[in-house]
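Q: Please take a close look at one part of this structure, the nonpolar surface patch. What makes it, and how far can the model be trusted?

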Amino acid sequence: MNAPTPAAHLAPEVAQRAVPEAFLTALKARFGDNCSTALVIREQHGRDESAFTHVPPPAAVVFAENTQDVADAVKLCAEHKVPVIPFGVGSSLEGHLLAVQGGISIDLTRMNKVLSINAEDLTVTVQPGVTRKQLNEEIKSTGLFFPIDPGADATIGGMSATRASGTNAVRYGTMRENVLALEVVTSSGEIIRTGTRAKKSSAGYDLTRLMVGSEGTLGVMTEITVRLYPLPEAISAAICSFPSIEAAVRTVIQTIQLGVPIARVELIDHNTVRMVNAYAKLGLREEALLLMEFHGSPAGVKEQAETVQEIASEFGGNAFEWATTPEERTRLWTARHNAYFAAVQSRPGCRAISTDTCVPISRLADCLLDSITETDASGLPYFLVGHVGDGNFHFGYLIDPNNPEECATAEALNQQLVSRALRLGGTCTGEHGIGLHKMDFLRTETGEGAVDMMRTIKRALDPHNIMNPGKIFSM
């Protein structure tokens, strides 16, 4: 867990609503020991991995064990007009679960059952507290897997709420493409279902897509049906060093434009490679690095890898290292998986503030190179990683949490980066979500008219504004 950052410019607007004593009494009567008002429990549920701090914790935490628990908790909140915030594992990065308007937190981690596996249809239905690693462990005997990997062992409910993606998105898509159906508790406590296990539907409004990415502001997801994929017959991983970031990015662009079905392609800049070498004693060449993975038949994987190696050589790629066994692949991916921890340890006592933008693949080099120039000029230490196969990348600014100037510099760099991405036809967030931090950027990206339409939907589905209020946009 990152240490809090006491930066005034990051402080969200806090407008706590009153929580009636009668409400807390009714909540405790209904949930007994599954309702806690202990400060340590409330504080645990009142923080995430974001840069926000000094937000009071929720007034109570309810540990839901089934859909009816969620419905009953929300009904009580609706009756007393008390805000309700869904909680998974707390790994969100943009302040999604902070109680900026008070209220209660509904912890869904005890709802962690895999409800049904439909291997023939390549689908599975789970409760929201199931984590991605748990899901893959429980379905491994079927020869199938769930590919979405945001890095943290997040819950499927949280991943759906933030429309998460990660390292495999270039081939398998994001949660937007992989959630088929939902069970949702609405702001009145009603239980509804959206979507089906069928591969397609033309039946009315697409309420499933409306809920996915809504960040808990329209309802609480209590069941999620997602797509599964066959485990590849063969998997090969590779790393390749480049003389410059531009050469690495151009290699990725040409690979995607040629239609090579690469499963993963991650970028690490030379600065981050140096940090990883010091942290994990890997001895990698301290140059820009691509980490790649190929899925398919043995012949197909071999052809893909050879094609990418040929493309990379045209841009000065060298020091190729291939791996086909699970142990070898794990070793090669250690650099990517250790990047955050290596960076934080490179500056003792620092805090990493992570950015998130995504641009069309054709504009990736322009956005990335200009952003690197700005960050280098700032003098602020940083690390750079990216899911560059789909145009998504992240800077991690390493700041002294007690230095207001460094906090302000990091925020200014983030502002410049997002503004650049928007000018190039991109988005202010490829996978982290809006939460608190990117509300202003959303207005810039979509226009006030689109935000007004979102507000209209919010008012219609949540007339008392109790579902995770204060997130995505102000009401």
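A: Here is the patch, followed by a buried residue for contrast and a note on confidence.

This is a predicted model, in which local features need pLDDT of at least 70 and side-chain atom pairs count only at pLDDT 80 or more, while totals for chains, interfaces and linings use all residues. Residues are numbered from 1 along each chain as its sequence is written, and side-chain values use heavy atoms, with hydrogens and water left out.

Tyr205, Leu207, Leu210, Met453, Ile457 and Leu461 make a nonpolar surface patch of about 600 Å². Patch residues have over 30% relative accessible area and no salt bridge, and nonpolar side chains (Val, Leu, Ile, Met, Phe, Trp, Tyr) are joined within 5 Å. A salt bridge is a side-chain nitrogen of Lys or Arg within 4 Å of a carboxyl oxygen of Asp or Glu. Areas come from the Shrake-Rupley method with a 1.4 Å probe, and only the protein chains shown count as cover for residues.

Two helices (DSSP runs of H or I, at least four residues, numbered from the N terminus) matter here. α8 (207–211) and α17 (448–461) each supply at least two patch residues. α17 gives the most, with three.

Ile457 sits in α17. Ile457 is partly exposed because its relative accessibility is 32%; buried means under 20%, exposed over 50%, and partly exposed in between.

Now the contrast. Thr255 lies in helix α9 (residues 245–257). Thr255 is buried, because its relative accessible area is 3%.

Last, confidence. The protein averages a pLDDT (the predictor's confidence in each residue, from 0 to 100) of 92, and 98% of the residues score at least 70. Over residues 1–9, pLDDT stays under 50. Where pLDDT is low, the predicted coordinates should not be read in detail.

Terms used. Patches are made of residues with over 30% relative accessible area and no salt bridge: like charges are joined within 9 Å, nonpolar side chains (Val, Leu, Ile, Met, Phe, Trp, Tyr) within 5 Å. Buried means under 20% relative accessible area, exposed over 50%, partly exposed in between (1.4 Å probe, protein chains only). Contact means heavy atoms within 4.5 Å.
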